[in-house]
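Take a look at the model below. We will walk through one sheet and the helices that lie against it.

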Amino acid sequence: MGNDIAATVNNIYTDFLQKYPAYASTSGIDKLRADDYGRIDRAHHIYLDYTGGGIYAESQVKKHQQILLENTFGNPHSSNPTSIYATHYVESARAYVLKYFNADPSEYDVIFTANASGALKTVGESYPFAGGDQYLLTFDNHNSVNGIREFAHSKGAEVTYIPMALPDMRVDESMLEDLWKKARPGGNNLFAYPAQSNFSSVKHPLEWIEKAHARGWDVLLDAAAFAPTNSLDLSRWKPDFVPLSFYKIFGYPTGLGALVARRQALRKLHRPWFAGGTITVASVQGDKYFLADGHAAFEDGTVDYLNIPAVEIGLKHIESIGMDNIQCRVNCLTGWLLDNLVAMKHTSGVPLVRLYGPTSTLARGGAVTVNFMDQFGRTIDHRFIEEAANNVNISLRTGCFCNPGAGEQALGISRVELDVCFNGPGHEDRLSLDDFRLCIDGKSSGAVRISIGMITNFDDVQGFLTFARSLVN
Ligand SMILES: Cc1ncc(COP(=O)(O)O)c(C=O)c1O
């Protein structure tokens, strides 16, 4: 009996390799997982939330710890010996971020932030929107990109969303061409989109960057979900603002992100305030301040100088694995997951899942977003799926992943339904998630996201597929 099971497992793996032969070339990552990420398997985790956060290698933590244990660091806003050490590590990491993204230091700068959201807020609050200017963004943006619309509204700019075409959740380019024509000539027009959606995992074309530039737009390319499994070559693509979070790329440390920005675009921003570290001179009696140049003008107070050295360690770690290697592995595993999950059916013939996003690996990343259906085709509440997955130690993400626009389109929630919910008696100012669920009665308010990352292996995906099969009636 035991031999039969082992033979079946081997056969499945053979089938997988036949369909995705390139996976074999990534076997170095299996060794790395055993050596440097052993704690995942020791605790029998099936971790499938890489879009939520990456997993760090033990060696990253040890290298960082060694730097901390061997050096004495002081606040970098000084020029004493311990301060100089800190500055050295911070500036070395800054330069390494530029090198990693192949960005020319005379063209791009790096502002360290708390996370991608911090980078986005920096752009939003400083972008010189004025009456008649435009903020154009895709429906599938993260809430931290959506939030910039509040700055646009408050300064009288017009906000326009670009819808997704179902079922693939890509943008109709002819519509985009039309919307680009809205740019106010001579005005400040900002176009924002995710290089990879954190909902559907669609990779939107990087070619949009130059097209939008040519039509009078500044471009904010949200790379938070893209950077962990793709190379972004800033010598080839020239977005103005690139927000990202480092923990999503290499797991450690949390609390650090960056705004990689074109120097010429930074010069256009007007900060709404000044803070320690951002000025050359500020005066109380003179009621005046002079902002510093470049990144210094945007880094409020003291940067996270003890953790920033870990950024360089993390980037080198990714380089030692190789982004092509990572991407190849993620593609193979995502393809296998999609093939098998989409094919599962109840005995009634009803498919087990409804997929939101592309069914093939073409121009898509490693997150697969679905809702599970019962045998009658009714959506199973995503909270139930999460609980069932938790019980077998599978870490997934459920809900709308801070991406309400993609969720509303995928789940078929209309503007009218939302207006009713948002303007109902007693809900003028407050609406809890449970109130919202009740209000859109009968419709799912969220989905289930399975996301594959750099250190995922075949067993993780098979473990999830076994779980999914247990939900077939
Ligand atoms: C596409 C995208 N943008 C922005 C963010 C915000 O990142 P953070 O929460 O690290 O600020 C996320 C987080 O999931 C994301 O997926």
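Which asparagine follows H15, and what is the sign of its phi? It is asparagine 393, with a positive phi near 65°. This is a predicted model: local features need pLDDT of at least 70, side-chain atom pairs count only at pLDDT 80 or more, and totals for chains, interfaces and linings use all residues. Residues are numbered from 1 along each chain as its sequence is written. Helices (H or I, at least four residues) and strands (E, at least two) are DSSP runs, numbered from the N terminus.

Start with the sheet. It is open, with 4 strands in the order E11-E12-E15-E14, and the pairing is antiparallel. Strands pair if DSSP finds at least two bridges between them. E11 (353-355) and E14 are the edge strands; each has a single partner strand, so one side of each lacks a neighbour in the sheet. E11 and E12 are joined by 3 bridges. One pair is leucine 355 with valine 370 in E12.

Now add helix H15 (residues 382-391). Its buried residues (20 or more other C-beta atoms within 10 Å of their own, C-beta atoms being placed from the backbone) are His382, Ile385 and Ala389. They sit on the same side of H15, because they cover an arc of only 55° around the axis, taken from the directions from the helix axis to the C-beta atoms. Glu387, Asn390 and Asn391, on the other side, are exposed (12 or fewer such atoms).

What do the buried residues of H15 pack against? Their partners include strand E12 (367-372), strand E15 (447-451) and helix H19 (458-469). Contact means C-beta atoms, placed from the backbone, within 7 Å.

Terms used
Contact = placed C-beta atoms within 7 Å.
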